[in-house]
Amino acid sequence: MKRIGVFVCHCGINIAATVDVEKVVEEVRRYPGVAHAEHYQYMCSDPGQKLVQEAIDKHKLDGVIVAACSPTLHEVTFRRASENAGLNPYQCEIANIREQCSWVHADRGAATRKAIRIIESLVEKVKYDESLTPLSVPLTKRAMVVGGGVAGIQAALDVANSGYEVLLVEKQPSIGGHMAQLSETFPTLDCSQCILTPKMVEAGQHKNIRLLTYSEVEEISGYVGNFTVKIRKKAAYVNWDACTGCGVCTEKCPKKVDSEFNCNMGSRGAIYTMFPQAVPNYPVIDRDNCLYFTKGRCRICEKVCDLKAIDYEQKDEVVEEQVGAIVVATGYDTLPLDQLGEYGYGKLPDVIDGMAFERLLSASGPTGGEIRRPSDGKVPKEIVFVQCAGSRDPEKHLPYCSKICCMYTAKHALLYKHRVHDGQPYVFYIDVRTGGKSYEEFYHRVSEEEGVVYIRGKVSRVFQDGDQLIVWGVDTLTGKKVEIAADLVVLATGMIPSAGSQALFSTLKLASDENGFLSEAHPKLRPVESIQAGFYLAGAAQGPRDIPETVAQASGAASKVIALFSQEKLFHEPIVACVDEDLCSGCKVCISACPYDAREFDEKEGIVRVNELLCEGCGACVVSCPSGATQQKNLTDEQIREMVKASLGE
Amino acid sequence: MKLPYYPGCTLKDRTSQLENTALAAAAKLGVELQEIPNWTCCGAVYPVSETRIMNLVAPIRILKEIGESGADRVVTICDFCYNVLKRANRAILDDDVKRTRVNLFLSDDDRRWAASGRKVGEGEAYDGGVKVLHYLEMLRDQVGFEKMAAAVERPLENLRLAPYYGCNLLRPAQEMNFDDPEDPSIMEDFIGHLGGRVAAFPYRTECCGSFLGISSPAAARRLSHTILASAQKNGADAVVLSCPMCFYNLETKQKELIREFPGFQPIPVFFFTQLLAFALGRDAETLGFEEHYVDPLPLLQERVSA
Amino acid sequence: MRTELSANKVKGDFLAKVVELSGESILACYQCGCCSAGCPVAEEMDLLPNQVIRYVQLGFEDELMKSKTIWLCASCFQCHARCPRGIDISKIMDALRQMALGSGPDRCGPDEISAAELAGAPQQALVTVVRKLGN
């Protein structure tokens, strides 16, 4: 007969106010199999854990039940304590008498009786628990970072600098992301590309980083420490091994296509590099717009390339790689203007978004850094900035606050004032949110020193009147409707997860929230990991944030990867499925029931085998097995039956 | 094609030209609009009070009778009636309490019982099964703008028309579901298919003042003047609309606008059905222009070939 | 003189009554002002539409009953169309009118309409005015 110790926690008043813990101990003490029972204020504390360890020793316990809060909180704590006292940790179970009892009932008598039953059912389980050993698994100490913006670059550099190899996969031809499109960054007004490009170059040249740009992750299989990924390297139609990035082909290309990098305000060729500091600095051919691919003509790029690097026959290449950890840093896009009917659906040429304004500000942008409006190139003298364009709008657009817009709008207004000395900027806001370091001071500088007029009220409508834009807003603080005839309107549109990220998250089987942003394992305490083991999150893919937070988070994700790789082996929970070979008839129903592809049919023996490393202990196979041949370790059908009987008081 | 038609009070009297031209044009396009018998006022405004649910009886009674006659849709021309009937129908579909209470009352409705020969308490509860259509929707979906265009005898080629939507057709958009409230296009399509040119102007979805024309006339005059001035600034020869209330503020009240806003030039205002009937061949003299303050006849005679 | 706020005032019957009559989530309004920015009649109003909601939120019943604003709302629904919280401000105006009219005199009933208007205005205008601004 097993000798089980039961430890009932008060959890302060959380349990003890509703459950009569003394009565519980008194009753449970008498239950067959229970050799020792006691109660204590806070079992999870050091003294609490010591009680368990001392009792194991003194009463020669070979099973322990801690009746307390949910096992998700302290199962690990008590198993570790038991193990340190010489007891196999899988002989220690948690009876949840808080979330499933004291926190959901008010009747003390009924709650106490229920707590006793819960504990007694766990006694039945522990009676049949086996001592188990965690499985150990080798791991591939190589990381993949998906997304080459500043988050991905930072994470890749940190992991690479720790000595591990990193694959940096980016769907655009160059790394850099949106930060490469920015002109200056708040609050320091550093030139964005000047601070980013050193990191880009470092990543491009790092001996431990392999850049796979113009590439996308297509398929993934495996588990933490042992992922197999298939990556599609899209055909650039340029042989990057031969190319030196001289740029002659991009100069000579006769086709003009709207430049996405310049927010459709400038043009690029059909063969192009995204921007002068691109890493890698090799061009790609956009075959949907290339005259050769669409009409069979031209081929000028081929003619002017001395190195014969143009290869129209190039094909996509799918490579397979083994990695142990994946950092997802796919970033953001901004809400498209065609969603905002009240501001013109994106059809008014002089109503642009914040990113487009960045390109106007940028010295390498379509206007060479002069602020000229798209329709006629006129320098705008009356310029209106509209904050919350689509954000904080649960009714029609994005329910959340996009966090960066108040700051970048203040920055835009300030930079505009520096370039157009006689211009008048207005900012319509609902609130001004400046939570970061030096942000509030920056906002004060803008509103007080630079003559930017801040008007509190959300803009209701923007429409074209002749060659001006009429902005209908309100100043709620004076209680007056206002109308401004503007030359240019800049909408601070909200941040959304980047295009294509939903499909990628599906492929990687990563959880995302109702807004499409990646879900973290715990919103407070585990912000850089996914609940799926082996996946780490960095940057705006997880939610709106600014550059300092992104960089910090990227380093955080990298540190998790490095911690993972610092182990020689990974341990896998042993509460897995097993097959009684005598009972298995080889019907294979369990194989289709398994969501983790953890079961295989052994043709020779005619039975099914479990791949314990892939098994996550979900129990679906047990349910599906018609003969009961497959069971889950430490949660067998027999155990469950006895637990049910005990919980019914039989 | 025969469709049940609900006229509403205003069309029978103060804006009879809207009804006459609408029915005539429909007939020309093969649609017989059959006025439903025993109809009553819809209530003019959709009753929004959550506690005065009985105010829904007026519009629902109308819809219930149409349903009981075997029809599954009704056409209306007056924007106010359209707004009331459609939203009342929506309330019946979405709100259990309103549906139950209104049906309970109607099952006991003496007037209907007497008129229809039914016994009190007989008949099915109304479940929102009658679809409410505006005449413009009927033209677009049941007849088809292409078919309408093919029947045009007098294309309105040289007329630049400013389509004015007003409020009741478009809003609240979740309930009206008529067209994009920020960028509607059904009237522009309609004008285009009649051969006319559209004078786009930014005030086409801004309120004319509605009933403020009676209770706060100065405010309504300011709104109406702004709308008309914007249409004129954007090159409109005339304004086209569908709502009798808007017509009152934007057309009839122009006689007051010329006093209040020096420099204001009167501009003709058409009901869309008048232009439709005219384009389909009806003589300009029969379109009811005698009800207008600004006579649109000279404009038509000058611009449109006979 | 400071306006006193207390649990009685802000949690009082007034807010509850307006919520009941209008069916709208008054407390959802975060005072962005978009309703006022798009309201066609705001220039004639004494309190802006967003201020009306603020007064309801804080329980300032007297000022609201005396305001010009609630009689000027034309029910054009532009506020509702643009509100990021989906509040129908025109419904709140209707509720306030209902409360102000109570059992008192009509604001604009049949007696207040001129003979000329009665003779010339479209029926829908007359019915609407009497329903919105009268008992």
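The following paragraphs describe the architecture of chains A and B, the division of chain C into domains, and the contact between chains C and B in a predicted model.

Chain A comprises 650 residues, of which 47% count as buried, and its secondary structure consists of 19 helices and 34 strands. The C-alpha trace of chain A extends over about 90 × 70 × 40 Å along its principal axes. Among the contacts in chain A with a separation of 6 or more, 70% are made by residues that lie 24 or more positions apart.

In chain B, 15 helices are found together with eight strands. The radius of gyration of chain B, 20 Å, is close to the 19 Å that the globule rule gives for 306 residues, and chain B is therefore as compact as a globular protein of that length. Its C-alpha trace spans about 60 × 45 × 30 Å along the principal axes, and 51% of the 306 residues of chain B count as buried. Residues 24 or more positions apart account for 78% of the contacts in chain B with a separation of 6 or more.

Four strands of chain B are assembled into an open sheet with parallel pairing, in the order S2-S1-S3-S4. Strand S2 (32–35) and strand S4 (131–134) of chain B occupy the edges and have a single partner strand each, so that one side of each is left without a neighbour in the sheet. On average, and with direction ignored, neighbouring strands of this sheet are turned by 45 degrees against each other. Within the sheet, strand S1 (residues 2–6) and strand S3 (residues 73–76) of chain B run parallel and are joined by two bridges; Tyr5(B) stands opposite Val75(B) in S3(B). Helix H7 (residues 135–150) of chain B packs on the sheet, where it touches S1, S3 and S4 of chain B, and the direction of this helix makes about 95 degrees with that of S4(B).

Chain C is divided into domain 1 (7–102) and domain 2 (106–135), and the centres of these two domains of chain C, taken over C-alpha atoms, are separated by 24 Å. The contact between chains C and B takes 36 residues from chain C and 35 residues from chain B. Several helices of chain C each supply at least two residues of the side that touches chain B, among them helix H2 (13–22), helix H8 (89–101) and helix H9 (115–120). The largest share of this side of chain C, nine residues, comes from H10(C). By residue class, the side of chain C that touches chain B divides into 18 nonpolar, ten polar and eight charged residues.

Technical notes
Residues numbered from 1 in each chain as written. Chains lettered and ligands numbered in written order. Predicted model: local features only at pLDDT ≥ 70, side-chain atom pairs only at ≥ 80, totals over all residues. Buried ≥ 20, exposed ≤ 12 C-beta atoms within 10 Å, placed from the backbone. Contact = placed C-beta atoms within 7 Å. Rg over C-alpha atoms; globule rule 2.2 N^0.38 Å. Domains from an automatic or database assignment. Nonpolar A, V, L, I, M, F, W, Y, C, P; charged D, E, K, R; others polar. Pairing = 2+ DSSP bridges. Axes fitted to C-alpha atoms, helices over the stretch in contact; angles between N-to-C directions.
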